[in-house]
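Biologist: I would like a close look at a single part of this protein. Could you walk me through one helix and what surrounds it, and then place it in the whole chain?

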Amino acid sequence: MDIEKVFHMVGGNGETSYAANSSLQKRALDMVKHIATESIVDLYLATTPQKMAIADLGCSSGPNTLSVIGDIIDAIDRARRRNFMVTTTNRTTEIQVFLNDLPSNDFNSIFLAWPDFCKEKLISSGSSKCNGRNDRSHPPFVSIAGVPGSFYGRLFPSDTLHFIHSSFSLHWLSRVPPAIYDQEGKSINKGKIYISEASPPLVSEAYLMQFQEDFSLFLRSRSLELKSGGRMVLTLLGRTGPHHTHSANSLLWELLSRSFAILVSQGDIDEEKLNSYEIHFYAPSKEEIDDEVRKEGSFAIDRLELFEIESNMNKSKSNGSTATYGTTVATSVRAIQESLIRHHFGEHIVDDLFGIYGKLIDEETAKGEIRPISFIVALRKKV
Ligand code: SAH
């Protein structure tokens, strides 16, 4: 399967869309957004550029995309006004925002939401002007553009970007690691979709090799595109120790494997189909991220921090929603995985699969909370 052609989050605003099912990612982004805004303010104050080019890589579609952009623009504008008090040079900042994702991403939904977002969030808060009027003197001018393509390779001309942001995208590999297939092209990770207790050791080695290849290509490409001193803030899922199977992320894939196995036992899925399905995901450890940044050599690490995403299991209930935690997680994984699962197994299994998955997650959380962990990495391109 050509993942870069098939993989996309469920678009639009419907019940199963990424837009309606990305509140867990939003909660995580809110926990660490101060790190992204501190990084861009630091960069702004060091160089006070009149024009800034910023990019969000793996932007998807839905409220998280524009919310991140809004926070970044706000931070730049606050820094500009603070700086004005000191220097009395009150110049308009022009900001070019590039939104990147794979070509089948629903870019149209973002562009449709953009005018209202400007009116409600940016212009009314007095922070910005998006091709419109604003009474505050010298508001930043903001323009957005979509950039379809894989971030595992070049996306922008050299030396053009000041700041790069990417959240919850870099744990997606460019492909399923080819080293997990034997000479006949069959997966050696039978019945499992990710590294599990039952996987031969070669499986985790193959996934690590693919992560190293992809992440170093990502760093190399971005180092060419960023200006000297430019910043990059990345958030991605990860794991705490050397063992893959001890992590919450791996447990969630294990439960999805078990949901597939139930459908096999019911005769709804052919066993061979399951044996040939693997996910192109990798949850690195802190050391693995650190190693690749150092090996590639273009970036200094300002921060590399682990944080746990609060599950907030009771939050949906207090919001008046009757969804259990299992259903909330299952629908958010569905919004991410549905395009690939439909392509491989067909549409007919999707509702049943995620129904079973939600129940298995609820059974597991009855034994103890599942708390996926993430890393936030703030990098600075070396001068
Ligand atoms: N940043 C958003 C969306 C995260 S979902 C948020 O924080 O909520 C992950 C996104 O990464 C998806 O939209 C997916 O299509 C995109 N993605 C995955 N691999 C990619 C690649 N190689 N190049 C560009 N985008 C990619």
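Modeller: Happy to! Let us begin with the surface of the whole molecule, keeping in mind that this is a predicted model. The protein chain exposes about 16,700 Å², and carbon and sulfur atoms supply 51% of that area. As for what lies under the surface, buried residues make up 55% of the 383 residues.

Next comes the overall build. The protein chain has 11 helices and 7 strands. Its radius of gyration is 21 Å, close to the 21 Å that the globule rule gives for 383 residues, so the chain is as compact as a globular protein of that length. If you draw a box along the principal axes, the C-alpha atoms fill roughly 70 × 50 × 35 Å. Contacts tell you how the chain is folded together: of those with a separation of 6 or more, 83% join residues 24 or more positions apart. Charges can be summarised too. There are 41 positive and 48 negative ones, and the mean positions of the two groups are 8 Å apart.

Now for the close look, at helix H8, which covers residues 286-296. Which of its residues are buried? They are Glu 288, Ile 289, Asp 290, Glu 292, Val 293 and Glu 296. Notice that Glu and Asp appear in this list beside Ile and Val.

What do these buried residues pack against? Their partners are one helix, H5 (201-225), and three strands: S5 (226-238), S6 (299-308) and S7 (373-381). Follow the chain just past the end of H8 and you reach Gly 297, where phi is positive, at about 90°.

Positive phi values also turn up in residues other than glycine, and two of them are worth finding on your screen. One is Phe 168, with phi near 55°. Phe 168 sits in the loop between strand S4 (161-167) and H5, and H5 is the helix that the buried residues of H8 pack against. Is Phe 168 buried or exposed? Its relative accessibility is 11%, and the cut-off for buried is under 20%, so Phe 168 counts as buried.

The other is Ser 60, which also has a phi near 55°. You will find Ser 60 in the loop between strand S1 (51-57) and helix H3 (63-87). With a relative accessibility of 5%, Ser 60 counts as buried.

Methods:
Residues numbered from 1 in each chain as written. Predicted model: local features only at pLDDT ≥ 70, side-chain atom pairs only at ≥ 80, totals over all residues. Heavy atoms only, no water. Buried < 20%, exposed > 50% of the residue type's maximum accessible area, 1.4 Å probe, protein only. Helix = DSSP H or I, 4+ residues; strand = E, 2+ residues; numbered from the N terminus. Contact = heavy atoms within 4.5 Å. Rg over C-alpha atoms; globule rule 2.2 N^0.38 Å. Areas by Shrake-Rupley, 256 points an atom, 1.4 Å probe, with all protein chains shown as cover. Lys, Arg positive; Asp, Glu negative; His and termini not counted. Charge placed at Lys NZ, Arg CZ, Asp CG, Glu CD.
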